[in-house]
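This report examines how the parts of a protein chain are packed against one another. The sequence and the structure are shown below, and the description follows.

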Amino acid sequence: MRAGATRLLQPVLECAVAISWGMLVNLFILATLWGSAFPGIKLGLTGLSAGNLTLLRFTVASLCFALFLLVTRKRLLPDRRDLPYFFLVGFLGITVYHLALNYGQRFVSAGAASLIIATAPAITAVVAFFLLNDRLSLLGWSGILLSFTGVALIVLGDGGALSLNPFALLILLSALVTAFYTVLQKPLLRRYEAVEVTAFSTWAGTLPLLVFAPGLVADAADAGRTALLAAVYIGVFPAAVAYAQFSYAISRLPVTLATSFLYAVPVFSLLFAWLLLGEVPSALMLVGGAVALSGIVVVGYAKGRAARRAHAVAEPEGV
């Protein structure tokens with residue numbers, strides 16, 4: 001039994017040794033910033049409409065990315081041939097994702113929203129199965145089923161009442177869209193740096209949000225200081241700074257390893273939601289979160305085991 005547990009934990013132990021302390025600090029700050037985004041959205045919604053909050057947030061983020069690319073002397077525009085693809089990726093990953101998330105969070109707690117979004121890796125595995133022919137074993141499909149069962153428990157337990165919250169479906173839509181965003185940007189990452197892909201996608205996804213521009217000034221004038229500061233905060237830190245940190249992480253670590261640290265995001269989100277909003281998750285919601293995250297771990301382990309088997313088959317004998 002001890003040998004089996006050692007084999008199970010060996011990839012995790014090897015990865016932990018390979019990460020420097022500086023990278024661990026970077027990933028810890030990243031998880032903290034993204035965890036703070038969900039209660040930040042809640043605070044922004046106290047004075048701004050969901051559409052205007054999304055526009056203001058990504059106007060701020062777009063300016064931050066422009067400044068960052070200028071300072072680091074990276075390219076400021078993509079190739080013309082890639083513009084339609086960037087608009088597709090930005091529309092899904094920025095426009096649809098954040099509008100659905102912000103409209104959903106009007107009636108869904110910050111903690112529940114973060115837990116539902118945390119299932120995105122499991123949904124990504126399903127999307128990759130259909131779009132990239134990235135096959136899943138029976139264990140992997142079992143993990144996905146376990147993850148979705150956890151989502152159902154989160155939805156039922158949000159608010160402390162055993163009832164279905166239909167607005168949670170908008171949060172689930174966000175998780176689905178971010179799965180497509182993750183898969184569809186892979187071809188772009190072969191030709192551009194990660195931070196460039198994020199910046200260009202952000203700019204492309206912000207353009208459709210300009211439909212809310214006519215009402216933004218009046219809405220912001222009546223919003224109040226708390227809502228405006230929250231909008232600027234989530235635009236600068238969870239949107240711009242955290243994405244830049246994530247780009248730095250995936251440029252030096254395997255993507256699966258970097259994203260595995262994001263399982264801590266709901267922990268920070270629940271903590272900030274309790275401190276800033278007074279939200280106390282129900283027992284059923286916490287159980288659902290544990291079930292959902294367990295399913296993601298199972299999917300990750302199944303994909304890692306399949307990759308190791310494929311590598312062992314492809315490697316010449318004796319090497």
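Two rings of Phe, Tyr or Trp (its six-membered ring) are taken as a pair if their centres lie within 6.5 Å; planes over 60 degrees apart make the pair edge-to-face, and planes under 30 degrees apart make it stacked. By this rule, the predicted model contains 7 aromatic pairs.

**Overall architecture**

The protein chain has 14 helices and 0 strands. Read from the N terminus, its elements therefore appear as an unbroken series of α elements, α-α-α-α-α-α-α-α-α-α-α-α-α-α. Of its 319 residues, 46% count as buried. Among the contacts with a separation of 6 or more, 87% join residues 24 or more positions apart.

**The aromatic cluster**

A pair of aromatic rings is described by two values, the distance of the centres and the angle of the planes. The table gives these values for two of the pairs.

| Ring pair | Centre to centre | Angle between planes | Class |
|---|---|---|---|
| Phe 86 and Phe 200 | 5.5 Å | 85° | edge-to-face |
| Tyr 192 and Phe 200 | 6.1 Å | 85° | edge-to-face |

Phe 86 belongs to helix α4 (residues 83-104) and Phe 200 to helix α9 (residues 194-206), so their pairing ties together parts that are 114 residues apart in sequence. Are these rings buried or exposed? Phe 86 is buried, because its relative accessible area is 1%, and Phe 200 is likewise buried, at 3%. Tyr 192 also counts as buried, with a relative accessibility of 4%. Through ring pairs, Phe 86, Tyr 192, Phe 200 and Trp 203 are linked into a cluster.

**Helices α5 and α8**

Two packed helices are described by the angle between their axes and the distance between the axes. For helix α5 (residues 110-117) and helix α8 (residues 168-184), the axes come within 8 Å and cross at roughly 35°. The crossing of α5 past α8 is right-handed. On the α5 side, the residues that meet α8 are Ala 113, Ile 116 and Ile 117; on the α8 side, they are Ala 168, Ile 171, Leu 172, Ser 174 and Ala 175. By class, this contact comprises 7 nonpolar residues, 1 polar residue and no charged residues.

Helix α8 has 17 residues, which at 1.5 Å a residue should span 24 Å; the end C-alpha atoms are 25 Å apart, in agreement with that expectation. Its buried residues are Ala 168, Ile 171, Ser 174, Ala 175, Val 177, Thr 178, Ala 179, Tyr 181, Val 183 and Leu 184. An α-helix has 3.6 residues a turn, so residues three or four places apart point the same way.

**Helix α11 and its distant partners**

Val 236 is located in helix α11 (residues 225-252). With a relative accessibility of 21%, Val 236 counts as partly exposed, because the limit for a buried residue is under 20%. Which residues does Val 236 contact, leaving aside its neighbours within four places in sequence? They are Val 60, Cys 64 and Val 241. The C-alpha atoms of Val 236 and Arg 57 are 7.9 Å apart in space, while the two residues are 179 residues apart in sequence.

Phe 246 also lies in helix α11. Phe 246 is buried, as its relative accessible area is 16%. Its C-alpha atom is separated by 7.7 Å from that of Leu 27, although the two residues are 219 residues apart along the chain.

**Helix α13 and two residues with positive phi**

Helix α13 (residues 265-277) contains 13 residues, and its first and last C-alpha atoms lie 17 Å apart, close to the 18 Å expected at 1.5 Å a residue. The buried residues of α13 are Val 265, Pro 266, Phe 268, Ser 269, Leu 270 and Ala 273. After α13 comes Gly 278, which has a positive phi, near 75°.

Most residues other than glycine have a negative phi. Arg 73, however, has a positive phi of about 60° although it is not a glycine. Where is Arg 73 placed? Arg 73 is in the loop between α3 (50-72) and α4. Its relative accessible area is 78%, so Arg 73 is exposed.

Methods:
Residues numbered from 1 in each chain as written. Predicted model: local features only at pLDDT ≥ 70, side-chain atom pairs only at ≥ 80, totals over all residues. Heavy atoms only, no water. Axes fitted to C-alpha atoms, helices over the stretch in contact; angles between N-to-C directions. Helix = DSSP H or I, 4+ residues; strand = E, 2+ residues; numbered from the N terminus. Left-handed = near helix turned anticlockwise from the far one by under 90°. Contact = heavy atoms within 4.5 Å. Nonpolar A, V, L, I, M, F, W, Y, C, P; charged D, E, K, R; others polar. Buried < 20%, exposed > 50% of the residue type's maximum accessible area, 1.4 Å probe, protein only. Expected span 1.5 Å × (residues − 1).
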